[in-house]
Amino acid sequence: MEMLAYLDPRTGRTWPLGAPRWCGDNQEPLLLTEQPGIGPDAIDRTTRSLWRYRAALPPLAGEPITMGEGCTPLVPRRIAGATALLKCEWFMPTGSFKDRGASVMLSLLRAEGVTAVLEDSSGNGGAAIAAYAAAGGMRAKIMVPASTSPAKTVQSRASGAEIELVPGSRQDCADAALREAANIFYASHNWHPYFLQGTKTLAYELWEDLGFRAPDNVIIPCGAGSNVLGCAIGFSELMRAGSIDRLPRIFAAQPANCAPIARAFLDLDPEPARATIAEGTAIAQPLRLPECIGVLRQTQGGAVMLSEEAIVTATLDLARTGIYVEPTCAQAAAAFAKLLETGTIRPEERTVVVLTGTGLKATPRIAELMGVAL
């Protein structure tokens, strides 16, 4: 097996691990070179967190920064007349799946000598980086658009992160973060390949949940695509190890109002982004769009665009079965119904619907849907 390294998937160029970097020399988004995967015997069953799959992760000197992330429930629910397996990723310390990436990325960066990190996110990504930096004794600076509701940054502020408000759009904020990366290490959940090493543990966990088999389908709410890519990396490693004999079909769910990955996959003309209730996936210019399309094609999956009405209905329908999640991830349940309706997936198949964030993060929005004044 070749030495693990940073990889530019578009040119094949590599860089050694150990010296912290978040991109290629010309700001190319990077992955890591292929890893061999593991079998059931390599799981550390004494550890109740994603670090039970440490043997599948890049080598880490010392202890990880962990708060019990991972090991989330897989709950069956009837949706549109068929059973979906809901992967409840909000059962994490900060209430979203981003904790997988934050734990692994910051653990590896801290071991490489990084003591202060920069992130740009007003939502779940910022909260996760702020919390895990605090847990690991690291300093965090989070840049957010100036228009962000103060309520959205309370969680990050409470963890002790420095919050910088950036005038302009979400894209202006991302551009400002790229400039600030000259001064503080850019540990972006969208850019850093170590983050995807965290999200890949979702695949390992589903494999273990299902008796060391792959599901038939995985439906994922998709903005920048870190869960789509992480699942593909994880299941591909399991194939390489001979631990599964086929990849699940991976489907990306996006709001029709902002669906660059779905539109590209479906060969539709681009459209300007519009406001959507699924704000956590409203990424107008996803950095790894070609790689996400590659995953959907390689796994013979697909992409689904959801109307605002369908997302709202799915949010409230899930809540009425006890599953209280953000509209952002409820769209994956709406996509399940749509894929059943078109015959793309069959009721008897084992389909995982990934639910990424708690409804507690979207209280004002959900109150509005229900006509409740706060």
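# A walk through salt bridges, a pocket and some cysteines

Start by selecting lysine 141, which is buried, with a relative accessible area of 9%. This is a predicted model, so please read each stop of the tour in that light.

**Stop 1: the partner of lysine 141.** Keep lysine 141 on screen and add glutamate 162: the two form a salt bridge, with their closest N and O atoms 4.0 Å apart. Lysine 141 belongs to strand E7 (residues 139-145) and glutamate 162 to strand E8 (residues 162-166), and the pair links parts of the chain 21 residues apart. Is glutamate 162 buried or partly exposed? Its relative accessible area is 40%, so glutamate 162 counts as partly exposed.

**Stop 2: a pair that spans the sequence.** Next, select arginine 52 and glutamate 208. Their side chains meet in a salt bridge, at 2.9 Å from N to O. Colour by secondary structure and you can place both ends: arginine 52 sits in the loop between E3 and strand E4 (74-79), whereas glutamate 208 is in helix H6 (residues 201-209). The pair therefore ties together parts that are 156 residues apart in sequence. Both residues are buried.

**Stop 3: arginine 346 and glutamate 349.** Move along to this pair, another salt bridge, where the closest N and O atoms are 3.4 Å apart. Arginine 346 is partly exposed, with a relative accessible area of 45%. Glutamate 349, at 13% relative accessibility, counts as buried.

**Stop 4: a network.** Now select Lys87, Glu89, Arg100, Glu205 and Asp209 together; salt bridges link them in a network. How many salt bridges are there by the rule used here? The count comes to 19.

**Stop 5: the second largest pocket.** Switch on a surface view for this one. The second largest pocket has a volume of about 400 Å³. To find it, centre on Leu31, Glu34, Ala232, Ile233 and Ser236, which are the closest to its centre of the 17 residues in the lining. Strand E3 (31-32), helix H7 (226-240) and helix H9 (289-298) are the elements that give two or more residues to that lining. Which of them should you highlight for the largest share? Choose H7, which supplies six residues of the lining. If you colour the lining by residue class, you should find seven nonpolar, six polar and four charged residues.

**Stop 6: the cysteines.** Stay with helix H7 (226-240) and pick out cysteine 231. Cysteine 231 is buried, with a relative accessible area of 0%. Then select cysteine 23, also a buried residue, at a relative accessible area of 10%. Why is cysteine 23 not bonded to another cysteine? The closest cysteine sulfur, in cysteine 173, is 17 Å from that of cysteine 23, which is too far for a bond. A disulfide is a pair of cysteine sulfur atoms within 2.5 Å, and by this rule the count comes to zero disulfides. Cysteine 231 is likewise in no disulfide, the nearest cysteine sulfur, that of cysteine 222, being 11 Å away.

**Last stop: the annotated range.** Finally, select residues 65-357. An unreviewed UniProt entry lists this range as "domain: Tryptophan synthase beta chain-like PALP". Over residues 65-357, the chain is 41% helix and 18% strand. Draw a distance between the C-alpha atoms at the two ends of the range and you should read 21 Å.

Terms used. Residues are numbered from 1 along each chain as its sequence is written. This is a predicted model: local features need pLDDT of at least 70, side-chain atom pairs count only at pLDDT 80 or more; totals for chains, interfaces and linings use all residues. Side-chain values use heavy atoms; hydrogens and water are left out. Buried means under 20% relative accessible area, exposed over 50%, partly exposed in between (1.4 Å probe, protein chains only). On a 1 Å grid over the protein atoms alone, a cavity is a set of points where a 1.4 Å probe fits but cannot get out, and a pocket is an open set with protein on both sides within 12 Å along at least five of seven lines; lining residues have an atom within 4 Å of a point. Grid points are joined across faces, edges and corners, and a volume is the space filled by probe spheres set on the points. Helices (H or I, at least four residues) and strands (E, at least two) are DSSP runs, numbered from the N terminus. Ala, Val, Leu, Ile, Met, Phe, Trp, Tyr, Cys and Pro count as nonpolar, Asp, Glu, Lys and Arg as charged, and the others, Gly among them, as polar. UniProt positions are given in the numbering used here, feature names are shortened, and annotations may be inferred rather than shown by experiment.
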